[in-house]
Amino acid sequence: MKALNYLWIRYATPTNRKIAYILLMLAALAVAGGAPGATGGVGG
Amino acid sequence: MILALAVVVGLIVSLIRYRSFALERIATISLRSTWLVLLALALQMPLLRAPAGLRQHIGVQQALFLTSHLFLLAFVGLNWRSTALKIAGLGVLCNLIVILANGGLMPITPETLVQINQGSSLAQWPAGAHYGYSKDIILPKQNTVLWLLSDILVLPSPFPWPAAFSLGDLIIAMAIIALLQGSPSSLGVLTVESRRA
């Protein structure tokens, strides 16, 4: 637990959290805005 | 989900171009009302989780999917000052136009499906059926309205995740990659440049 706390303090800075949030939002935009057909969908 | 790779590509390009300043540039990106994107995605989940079947069986999922575009376009409108998001909006609009023109789902031809599903045959992809776990409907080319805007671009094997995508998808991916390069006029970059000087 101590190690996790250390990692959180070391890396989860406000800037890094903002970057992670931006990347996640852009991934969400890509998934919601796009309409690709990928392998694995099964025909009717 | 394949389009989410645009985020990874954009991040890699940014890291190559700006090295240690890449993350600072990304941190300067300002996005307003991101909850609209999450809401749009949530509305699309029932369709993305629907297995293959007749279009009539996914009426509710389809209605939610179409509604989600209002939230996506609202998100683009609220972030209109960003050129990259304007371009992403153009991609969303391209997809929406072809989706509406073909009854509410993105058309994909059986031939394209054979290309991305190695070992499958044309008979496996009946026209008019929903392509499971996607936003696509299987339609022959001659029955597709605005075929050029449908899922006609293919990433075939040996690409690890073979997929078909549309011009709109490509525009959205390019916009996301461009957005991740950060804004040259943003305060963060000015800070970086003053540090360099």
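**Two chains in a predicted model**

From the N terminus on, the elements of chain B run α-α-α-β-α-α-β-α-β-β-β-β-α-α, and the model that shows them is a predicted one.

Biologist: How many helices and how many strands does chain B have?
Modeller: Read from the N terminus, the order of elements in chain B is α-α-α-β-α-α-β-α-β-β-β-β-α-α, where each α stands for a helix and each β for a strand. Counted by kind, the elements of chain B come to eight helices and six strands.

Biologist: How far apart do the C-alpha centres of domain 1 of chain B and domain 2 of chain B lie?
Modeller: Chain B is divided into domain 1, made of 1-29 + 180-197, and domain 2, made of 32-170. The C-alpha trace of chain B as a whole spans about 65 × 35 × 25 Å along its principal axes. Between the C-alpha centres of the two domains the distance is 29 Å.

Biologist: Which element gives the most to the side of chain A that touches chain B?
Modeller: The contact takes 25 residues from chain A and 58 residues from chain B. On the chain A side, α2 (14-33) and β1 (37-38) each supply at least two residues. With 14 residues, the element that gives the most to this side is α2(A).

Biologist: Which residue stands opposite A38(A) in β6(B)?
Modeller: Strand β6 of chain B covers residues 163-165, and β1(A) pairs with this strand in the antiparallel sense over two bridges. Within β6(B), the residue that stands opposite A38(A) is A163(B).

Biologist: Which helix of chain B gives the most to the largest nonpolar core?
Modeller: The largest nonpolar core has 59 residues, of which A30(A), A88(B), I172(B) and I176(B) touch the most other members. Leaving aside residues up to four places away in sequence, A30(A) touches L3(B), A4(B), A6(B), V7(B), I172(B), A173(B) and I176(B). The core draws at least three residues from each of domain 1 and domain 2 of chain B. With eight residues, the helix of chain B that gives the most to this core is α5, residues 83-101.

Biologist: Which element of chain A has the lowest mean pLDDT?
Modeller: Where pLDDT is low, the predicted coordinates should not be read in detail. For chain A the mean pLDDT is 87, and 89% of its residues reach 70 or more. Among the elements of chain A, the highest mean, 95, belongs to α2(A), while the lowest, 82, belongs to β1(A).

Notes: Residues are numbered from 1 along each chain as its sequence is written. Chains are lettered from A and ligands numbered from 1 in the order in which they are written. This is a predicted model: local features need pLDDT of at least 70, side-chain atom pairs count only at pLDDT 80 or more; totals for chains, interfaces and linings use all residues. Domain bounds come from an automatic or database domain assignment. Two residues are in contact if their C-beta atoms, placed from the backbone, lie within 7 Å. Helices (H or I, at least four residues) and strands (E, at least two) are DSSP runs, numbered from the N terminus. Two strands pair if DSSP finds at least two bridges between them. A nonpolar core is a set of buried Ala, Val, Leu, Ile, Met, Phe, Trp, Tyr and Cys residues joined through C-beta atoms within 7 Å. A residue is buried if 20 or more other C-beta atoms lie within 10 Å of its own, exposed if 12 or fewer, and partly exposed in between; C-beta atoms are placed from the backbone. pLDDT is the predictor's confidence in each residue, from 0 to 100.
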